[in-house]
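Work through the exercises below with the structure in view. Each task is followed by a solution in steps.

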Amino acid sequence: MSTTAIALPPGASLTDNLLEVSMGPQHPSTHGVFRMDVALDGETVVKLKPIFGYLHRNHEKIAEDETYLGSMPYTDRLDYFCSLTNNWAYALAVETLAGITVPERAEYLRVITAELTRLQNHACLIGFLMQDMGASGTPLMYAFREREKILDLFESLTGARMMCNYMRFGGCRVDPPAGWLAQTQQVVDAFPRFLDEFENLLSSNEILMARTQGIGIVSRELAINAGITGPLLRAAGVNYDLRKVDKYGIYDRFSFRIPLGDHGDVYDRYMIRLLEMRESCKILQQALRDIPEGPFTDPKTKIRNFRPKPGEAYGRIEAPKGELGFYLISDGSPNPYRYRVRPSSLINLTILEDMCLGHNIADVVIILGSIDIVMGEVDR
Amino acid sequence: MSPEHAFAVATFLRDQRGFDYCSNVTGVDWPVKEVSQKVKVKKLVDGVETEVEEVQKSLTGGYLEVVYHLYSMEQKTGPVILRMRTQDRAEGVHLPSLTPIWRSADFQEREIFDLYGVIFDGHPDLRRILMWDEFTDHPMRRDYVEPDDYEYEPTAHDEVLRKTEAHYANKFGDSAV
């Protein structure tokens, strides 16, 4: 007598039936309009294909019809969590192209705003990761409480909380208002206490460890070959941080360390982000201590009728999500002939399938959460 | 870099020169463009040799270019920039894929295929990535023209409309529609 309750068609067995699940784009864990076609054997992932493009507006084409400066506000919308680092990467590419120098004070302002961006991005990412894991709300709200303080600083500096549009070729748009640096100092001084609190609550949490350790492992070789950058790469144990390698801006003046992981799993990525926030606090302390008086923008740079000489440039910085690069070709006209964004979120997704194979469907959510993607940058 | 040797050159760079990290892959469109250049030429004018300025016209472009930015994570050096050009912009748009060497080129080559129409031979999974599968043109080309019915996407709408019209015509006669 058969023991199966369900009558199977002749010749079929329970093991060879795969279930295809379309996760997203309206799935709450996909961090935006991102879709994955997943083939499941029971609960185990045997195939996964990422599908995107729902937010595609051809940012690069728009920028080719726009003046160099006109693209600056558009870069805010790429990775809308980190508009200031996007601004910096673009400004850096144009400055390399046109040979513009940046005054001291502007360099310090850039470092301060970029590191504040990194703080709020990493804090929120950990919050989102916990949310994906089922810790509904609480860790995320702790992170958002801190983020709010940083967004207030951005608002008083640039006028906008998220779409800051702050950097200009050869400097920054405005000088900080009176008292802004002291206010920033307060936020930075208080930040490690939040990190301690966060770590006490989470780092040795049994559920967190059980769900993240040994999940989504990326080997060192694969990470390098697949062009993974940012905290993901460093969690796999590769010491490659553009702040140390390229030393763009004035990063050679600060003493800070690059935290590295040795397992390359989700827990390592979580830990790397926490440690990076501590290092960012160190950089901020030094930058706030050393920031000089002076002009905040290079007065010689033309704002109107800005036409760089024909040529090309590739500028890249260490954005919170990885290497963000801008590749520009100028033909001497007021708008770029070619404008290319090297999106770290998109390229970090290359090995999503390799990370997920063999894991449960519930782990896919966590692995995706640990990559840290923003669809505005993936789709452009 | 000529496309025939691209794969060998790239393998050499990765294995012998340590360029293990391919950061950025992108396409550039260079349509045919007329360039005029002023050249001074010696000419016999009325039997006397004089220098005359002459405008020489030449055609450039007419190909798609793919650019690779390579870095070395071990030696912390770079970038080395590789460029490949297609024969033309219509039929001869085949280039060898470097995805088997650097996996980071995977999505980026798919994007170039999608937006520029370069066909990468040897790519494991060459499909459209940002535009939908039914889309036919390549929007990043310089001569791309937006379709008039930009918002149009194939739906069952027209079919439903025809059925409705037929239904009303049957029921109430032609005057009802």
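Of the 380 residues of chain A, 60% count as buried. The model is a predicted one, and the exercises take up its two chains and then the interface of chain A and chain B.

**Exercise 1. Describe the fold and the dimensions of chain A.**

Step 1. Take the secondary structure: chain A holds 15 helices and eight strands.

Step 2. Compare the radius of gyration with the globule rule. Chain A has 22 Å, close to the 21 Å given by the rule for 380 residues, so chain A is as compact as a globular protein of that length.

Step 3. Add the extent along the principal axes: the C-alpha trace of chain A spans about 90 × 50 × 35 Å.

Step 4. Look at the contacts between residues at least 6 apart in sequence. In chain A, 71% of these join residues at least 24 apart.

**Exercise 2. Describe chain B in the corresponding terms.**

Step 1. Count the elements: chain B has three helices and seven strands. Their order from the N terminus is α-β-β-β-β-β-β-α-β-α.

Step 2. Apply the globule rule. A compact globule of 177 residues would have a radius of gyration near 16 Å, but the value for chain B is 26 Å.

Step 3. Set the box along the principal axes: the C-alpha atoms of chain B fill roughly 90 × 65 × 25 Å.

Step 4. Turn to burial and contacts. Buried residues are 38% of the 177 in chain B. Among contacts in chain B with a separation of 6 or more, 55% are between residues 24 or more positions apart.

**Exercise 3. Find the surroundings of Tyr68(B).**

Step 1. Place the residue: Tyr68(B) is part of strand β4 of chain B, residues 63–72.

Step 2. Is Tyr68(B) buried or exposed? The cut-off for buried is under 20% relative accessible area. Tyr68(B) has 0% relative accessibility, so Tyr68(B) counts as buried.

Step 3. List contacts beyond four places in sequence. Those of Tyr68(B) include Cys22(B), Val80(B), Leu82(B), Leu98(B) and Phe120(B). Leu98(B) is 30 residues from Tyr68(B) along the chain, and their C-alpha atoms are 9.5 Å apart.

Step 4. Check for polar contacts: the side chains of Tyr68(B) and Glu109(B) make one, at 2.6 Å.

**Exercise 4. Characterise the interface of chain A and chain B.**

Step 1. Count the residues: 41 of chain A are in contact with 41 of chain B.

Step 2. Give the area. About 3400 Å² is buried between the two chains, and carbon and sulfur atoms give 52% of this. On the side of chain A, Ile224(A), Asn225(A) and Tyr337(A) lose the most area, together 18% of what that side buries.

Step 3. Count the polar links. The rule finds six salt bridges across the interface, and 27 residue pairs are in polar contact. Arg103(B) forms a salt bridge with Asp354(A), with the closest N and O atoms 2.9 Å apart.

Step 4. Which element gives the largest share of the side of chain A that touches chain B? That element is α8(A), with four residues. The residues of this side divide into 19 nonpolar, eight polar and 14 charged.

Step 5. Examine one residue of chain B. Ser104(B) lies in the loop between β6 (94–96) and α2 (105–115) of chain B. Ser104(B) is buried, at a relative accessible area of 0%. Ser104(B) touches residues of chain A, among them Asn225(A), Gly227(A) and Ile347(A), as well as Cys22(B).

Notes: Residues numbered from 1 in each chain as written. Chains lettered and ligands numbered in written order. Predicted model: local features only at pLDDT ≥ 70, side-chain atom pairs only at ≥ 80, totals over all residues. Heavy atoms only, no water. Contact = heavy atoms within 4.5 Å. Buried area = accessible area lost by both parts, 1.4 Å probe. Salt bridge = Lys/Arg side-chain N within 4 Å of Asp/Glu carboxyl O. Polar contact = N/O pair within 3.5 Å; in protein donor to acceptor, adjacent residues only side chain to side chain. Helix = DSSP H or I, 4+ residues; strand = E, 2+ residues; numbered from the N terminus. Nonpolar A, V, L, I, M, F, W, Y, C, P; charged D, E, K, R; others polar. Rg over C-alpha atoms; globule rule 2.2 N^0.38 Å. Buried < 20%, exposed > 50% of the residue type's maximum accessible area, 1.4 Å probe, protein only.
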